[in-house]
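User: I would like to go through this model with you, contact by contact. Could you take my questions as they come?

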Amino acid sequence: MLLWIFNLLDMFVAITLISVHFNVGSFLIIPTIAYLVIKGIIFIKDPFSIIDLSIAAYMVVLALGIKTFLTWIFVTYLIY
C-alpha cells in the first residue's frame, strides 16, 4: 500500500516538474520539494534517495528560472 502512495506522489512530482518547466504550476513547487526532501531523508541509505534529493535541488534551481534538459531525465526517472 505504501508503495502505491509513493508511486502516485512520484507521478505528481513528475507532473509538477513538467508544469513548472513550462511556467504553469509554480505554486506547487514548494510542497513538491518538501516531499522529495522528506522522502530522501527518511530513506537516506537507499541510493535512489540521493536521486530524490538531487531532484529536489534541481527543482530549487528550476524555481529560480533556470531550465535545462535535466527536467526530462528526472521526469523519466520519476515515471519509471
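User: Which residues does Thr71 touch, not counting residues up to four places away in sequence?

Analyst: Thr71 touches Leu17, His21, Tyr58 and Leu62, where contact means heavy atoms within 4.5 Å. This is a predicted model: local features need pLDDT of at least 70, side-chain atom pairs count only at pLDDT 80 or more, and totals for chains, interfaces and linings use all residues. Residues are numbered from 1 along each chain as its sequence is written, and side-chain values use heavy atoms, with hydrogens and water left out.

User: Is Thr71 buried or exposed?

Analyst: Thr71 counts as buried because its relative accessibility is 0%. Buried means under 20% relative accessible area, exposed over 50%, and partly exposed in between (1.4 Å probe, protein chains only).

User: Where is Thr71 found?

Analyst: Thr71 is found in helix 4. Helices (H or I, at least four residues) are DSSP runs, numbered from the N terminus.

User: Which residues of helix 4 are buried, and why do they line one face?

Analyst: The buried residues are Thr71, Phe74, Val75 and Leu78. Seen down the axis of helix 4, they fall within an arc of 105°, so they line one face of the helix; the arc is that of the directions from the helix axis to the C-beta atoms. In general, an α-helix has 3.6 residues a turn, so residues three or four places apart point the same way. The buried residues of helix 4 pack against helix 1 and helix 3.

User: Back to His21: what does its side chain do with the side chain of Thr71?

Analyst: The two side chains make a polar contact at 3.3 Å. A polar contact is a pair of N or O atoms within 3.5 Å; within protein, one must be able to donate a hydrogen and the other to accept it, and residues adjacent in sequence count only if both atoms are side-chain atoms. His21 has its place in helix 1 and counts as buried, at 13% relative accessibility. Leaving aside neighbours within four places in sequence, His21 is also in contact with residues including Leu62, Lys67, Thr68 and Trp72.

User: Now helix 3. What covers its buried residues?

Analyst: The cover includes helix 1 (2-21), helix 2 (29-42) and helix 4 (70-79). Buried in helix 3 are Ser49, Asp52, Ile55, Ala56, Tyr58, Met59 and Leu62. Just after helix 3, Gly65 takes a positive phi of about 100°.

User: An aspartate in that list? Which residues does Asp52 touch?

Analyst: Not counting residues up to four places away in sequence, Asp52 touches Leu36, Lys39 and Tyr77. Asp52 counts as buried because its relative accessibility is 3%. Asp52 and Leu36 are 16 residues apart in sequence and 5.7 Å apart in space, C-alpha to C-alpha.

User: And Lys39: which ring does its charged end sit over?

Analyst: The charged end of Lys39 sits over the ring of Phe6, 5.6 Å from the ring centre. The criterion is NZ of Lys or CZ of Arg within 6 Å of the ring centre and within 35 degrees of the ring normal.

User: How many aromatic pairs are there in the whole structure?

Analyst: A search finds four aromatic pairs. One of them is Phe6 with Phe43, an edge-to-face pair at 5.7 Å centre to centre and 85° between the planes. Rings of Phe, Tyr and Trp (its six-membered ring) pair if their centres lie within 6.5 Å; planes under 30 degrees apart count as stacked, over 60 as edge-to-face and the rest as tilted. The pair links distant parts of the chain, with Phe6 in helix 1 and Phe43 in the loop between helix 2 and helix 3, 37 residues apart.

Methods:
Helices (H or I, at least four residues) and strands (E, at least two) are DSSP runs, numbered from the N terminus.
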